[in-house]
Amino acid sequence: MATTYSVLECDTQQFGEMAAAFLASGVSLRFRAKGQSMRPLIRDGDILLAEPVDPHKARRGAVLLFTNAQGRAVAHRVQRKRKASDGGAKFLMRGDQVEMNDGWVSEKDVLGVVSVVERNGASYRLDSFAQKGLGFGATLYQPGKPINHAVFSFGYWLMRKLPRMKRFLLKEEY
């Protein structure tokens, strides 16, 4: 028997409030990604699974779901992590295709960690060894900087070694 899901349409601020409630109570959340800031890993229309996370365990390269200064829910990558003055963790966040960082996000604004990406019936865990390596490599990437070529050359070399990941990342149609 096929699993059915309910679809709820809401704006990003309403989604952020709903996601915070679900994830804080320990319930995972599936949602449809909107936007181009995380291409090619996450594309507009992909289904993401966010799971509750202890912010202290989140690492550089992980994709976190958080609320930004405008109260909108955003799924972007951890660029850096540091200890806050109150003893908690702070994360410097940025989308993979965005030149500017989102700024420092406190652990209280972290809703969860994106652990699975679904596209065209295939799903990929972001906590696998290969995905963690690519995620860390993506933190070195800065649009418009010379290091980009080296980072993406390594990424494409790695994808040649991992054909399933290559098909997932390069597949354009939905």
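**Notebook: contacts, core and charge pairs**

I began at Leu 48 and looked up its contacts, setting aside neighbours within four places in sequence. Leu 48 touches Leu 29, Arg 30, Phe 31, Ala 33, Ile 42, Ala 75, Val 114, Val 116 and Val 117. I note here that the model is a predicted one.

Next I looked up the core. The largest nonpolar core has 19 residues. Leu 48 is among the residues with the most contacts inside this core, along with Phe 15, Ala 19, Ile 42, Val 63 and Leu 65. I then asked which elements supply at least two residues each. They are α1 (12-24), β1 (29-32), β2 (47-51), β3 (63-67), β4 (73-83) and β7 (110-119). I also found another core apart from this one, with 11 residues, including Phe 66, Phe 91, Val 105 and Val 110.

I went back to the chain as a whole. I counted 4 helices and 8 strands. In order from the N terminus, the elements run α-β-β-β-β-β-β-β-β-α-α-α. The chain has 174 residues, and 41% of them count as buried. I looked up contacts with a separation of 6 or more, and 54% of these join residues 24 or more positions apart. The accessible surface of the chain is about 10,400 Å², with 55% of it belonging to carbon and sulfur atoms.

Aromatic rings came next. How many aromatic pairs does a search of the whole structure find? I found 1. The ring centres of Phe 15 and Phe 31 are 4.9 Å apart and the planes stand at 50°, so I entered the pair as tilted. Phe 15 belongs to helix α1 and Phe 31 to strand β1, so the pair ties together parts that lie 16 residues apart in sequence. I checked whether these two are buried or exposed. Both Phe 15 and Phe 31 are buried. I recall that Phe 15 is one of the core residues with the most contacts, and that Phe 31 is in contact with Leu 48.

I also looked for a charge over a ring. Arg 82 lies over the face of Trp 104, at 4.0 Å from the ring centre.

Last, I went through the salt bridges. My search of the whole structure gave 6. Glu 118 pairs with Arg 30, with the closest N and O atoms 2.7 Å apart. What does this pair tie together? Glu 118 is in strand β7 and Arg 30 in strand β1, so the bridge ties together parts 88 residues apart in sequence. Glu 118 is partly exposed at 24% relative accessibility, and Arg 30 is partly exposed at 33%. Arg 30 is also on my list of contacts of Leu 48.

I entered a salt bridge between the side chains of Asp 109 and Lys 108, at 3.5 Å from N to O. Asp 109 is partly exposed, with a relative accessible area of 22%, whereas Lys 108 counts as exposed at 68%.

Arg 125 forms a salt bridge with Asp 127, and the closest N and O atoms are 3.0 Å apart. I have Arg 125 as partly exposed with a relative accessible area of 39%, and Asp 127 as partly exposed with 40%. I then asked which residues are linked with these two in a network of salt bridges. Glu 51 is linked with Arg 125 and Asp 127 in such a network.

Technical notes: Residues are numbered from 1 along each chain as its sequence is written. This is a predicted model: local features need pLDDT of at least 70, side-chain atom pairs count only at pLDDT 80 or more; totals for chains, interfaces and linings use all residues. Side-chain values use heavy atoms; hydrogens and water are left out. A nonpolar core is a set of buried Ala, Val, Leu, Ile, Met, Phe, Trp, Tyr and Cys residues joined through side-chain atoms within 4.5 Å. Buried means under 20% relative accessible area, exposed over 50%, partly exposed in between (1.4 Å probe, protein chains only). Contact means heavy atoms within 4.5 Å. Rings of Phe, Tyr and Trp (its six-membered ring) pair if their centres lie within 6.5 Å; planes under 30 degrees apart count as stacked, over 60 as edge-to-face and the rest as tilted. A charge sits over a ring if NZ of Lys or CZ of Arg is within 6 Å of the ring centre and within 35 degrees of the ring normal. Accessible areas come from the Shrake-Rupley method with a 1.4 Å probe; for residues, only the protein chains shown count as cover. A salt bridge is a side-chain nitrogen of Lys or Arg within 4 Å of a carboxyl oxygen of Asp or Glu.
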